[in-house]
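Colleague: Please take a close look at a single part of this model. Short sentences will do.

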Amino acid sequence: MLEINKITVQVDDKQLLKDFSLKIDKGSIHVIMGPNGSGKSTLSRTIMGDPRYQLLSGKIIFNNQDLLTLTPDQRAREGIFLAFQNPLEITGVSNADFLRTALGIKQSGSINLYEFIKKAEEYSSDLKIKSDLLSRGLNVGFSGGEKKKNEVLQLKILEPKFLILDEIDSGLDIDSLKLVFKNIKNYLKDYPDTSVLIITHNNKILKYLVPDYVHIIKAGKIVRTGTSDLGDLLETEGYEQLGDEDENFK
Amino acid sequence: MKILSSNELPIDYQINKEELLIRAKEKQEIYLENVTCSRIKIEVFENSQIIIREIKDEDVKPSQYDIILKENSQLSYNRFHKLNNYHEDINIHLSGEKSKIIYNASFLITDPHNCCLNIYHDYPLTTSIINNHGVISKEGYLDLTVNAYVPKGKIKSYLKQENKVIFLDDNKSVIKPNLLIEEDDVEAFHGASLGKFNDEEIFYLQTRGFDKDSATKLLVRGFLYSNLDFKENMFCRINKNISEE
C-alpha cells in the first residue's frame, strides 16, 4: 500500500527526517511513537504533501504510484486521509456544506443529498457529535474533543483507504477517546483493506486499537520496531533508555 | 434595480434619478439590489429595529450614502458589493440617544476603489459596530478610511471597528481607521488586518480533496459570508460573483 524509501526531509533548513524508510501493507496498523521534535508530524505532513516540508531525497510509493508527483488534493483523492493534530477553523462555511462539497469532489460531483444527510446524521450520532455542530462553521467554536470527533466524522464520510491519525488522542477525554477508537475500529471492520498510521505520544491508546507494528522514532529515524509490547516497554523505560539500547540493537 | 420588503411590511420610499430616500420604521427588513441613484439616504425612525440587506454586483455607482438614526433606533446594514474603480462616501449619523448601527460590508475588488466611511456619534449612549471584509484580486486596490467622531459630552458611546482585507494576488491596500474621540467616557476598539490566506488553511482543505483554486474559493466564500446577515438565496448570488471573478 505505502512504501517510504529513504526519505530525507527538511523544514526551514533543518533536517527532520533522515534516510527514513517504512513499509505499510494493505490492512495493517502501524504506530509511530517518539519524543517531541523527533519527526513524527513531519512524516504525516510529508506523506500528505505539505509544500513547506521539502523532500531532499527518497521516494514515497502509494499503491504503485509515485506520491511525490501528486499535489495534496490529488493524494487525498487517491484515498489518503490526514486527521490533523490541530484541525483548522474556517468561518462562514458550515460543517455540513464543507463535508458535502468534499464528498462531491471525491465522487466527481454526483452526490445524493438525501443519502448524504442520512449518513452525516448517523455518523454524528455514532460519534455523539451534537446535531448543531453540522450547521455551524467548520470547527468554529468547537472544543478540542469536538474537533477531533469531527475529523473522524470527515474520515467516515470520505471513506479513505489510508488513514494517518496525527495525535488523534490529544484533547480527548477518556470517554471520547474510547468512542473515537470504537468508530475507527468499526470503520476498519467495514473496510478491512484500509491501512492506518497512528502518530502518538500516548501508549495507552494501543489498548483501544491493537497495532501490527509499533515504531520508535528519534531524531528523524526509526530506532526500534516491535509490537504493542514495545509501547509497554516505553512506559517503563522512556524514550531515552530505549534509544540507548537501540545503539546495541542496531 | 430592486427595492423590496423582506418581511412584508411596506416600505416608505421616494426615488428619482439622483436620490433614493427610505424612511424606515418599526421592524422593517429591506432588500436593495443594484440601486442606480447616485445617492441613497436612509432615515431610521425612533424606536425602530431595521435590517437592510444590499447587493450591488452590476456596474451602478451610488457614490454617497447618508444614514440617519433617531433615538433608540437600531439599524443592521449588510452590504455585498463588487466594487470597481470609483469613490464612495458613507455617512452615518447617530442622531438620537441609544441609537445603534451595525454596519457589515463584504466586498470583492478587482480594480482601484476608494471608500470613506464616517460615523458621527452626535448623541450620548450611541453605538457603532463596523465590520469590513474585503477580498482584492487582479488589479484591485482599496483605499479605505473609517472615521468615527465622538465630540465632547457624548458620553458612554461605544465604538468598534474591524477591517480585514485579503489579497488573492500581489495587491496592495491602505486602511485608515481613525477614532476621533474628544470625550473620555467612551469605549472604543479597532483592528485592521491585510494579507493573504494562511497556507495552513489551504493545505487543510487540500487534504480533503479541494484543489488550490476550489480551496481558495471556499475560503473567500467563508470570509465574505461570515460578515453578513443575509438570506440563503443572497449567499448564492455572492457565490456566483466569486465564481465569475
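Modeller: Here is one helix, then some backbone angles.

This is a predicted model: local features need pLDDT of at least 70, side-chain atom pairs count only at pLDDT 80 or more, and totals for chains, interfaces and linings use all residues. Residues are numbered from 1 along each chain as its sequence is written, while chains are lettered from A and ligands numbered from 1 in the order in which they are written.

Take helix 6 of chain A, residues 144–158. Helices (H or I, at least four residues) and strands (E, at least two) are DSSP runs, numbered from the N terminus. Helix 6 has 15 residues and reaches 21 Å from first C-alpha to last. That is close to the 21 Å expected at 1.5 Å a residue (1.5 Å times one less than the number of residues).

Of its 15 residues, 11 are buried, so helix 6 is largely enclosed by the rest of the structure. Buried means 20 or more other C-beta atoms within 10 Å of the residue's own; exposed means 12 or fewer; partly exposed lies in between; C-beta atoms are placed from the backbone. Among the buried residues are A:Val152, A:Leu153 and A:Leu155, along with A:Lys147 and A:Glu151. The buried residues pack against strand 6 (80–83), helix 3 (95–106), helix 4 (113–126), helix 5 (132–135), strand 9 and helix 7 of chain A. Contact here means C-beta atoms, placed from the backbone, within 7 Å.

A:Glu159 follows helix 6, with a positive phi near 50 degrees. Most residues other than glycine have a negative phi. A:Glu167 also has phi near 50 degrees. A:Glu167 sits in the loop between strand 9 (162–166) and helix 7 (174–190). A:Glu167 is buried, with 21 other C-beta atoms within 10 Å.

Terms used. Two residues are in contact if their C-beta atoms, placed from the backbone, lie within 7 Å.
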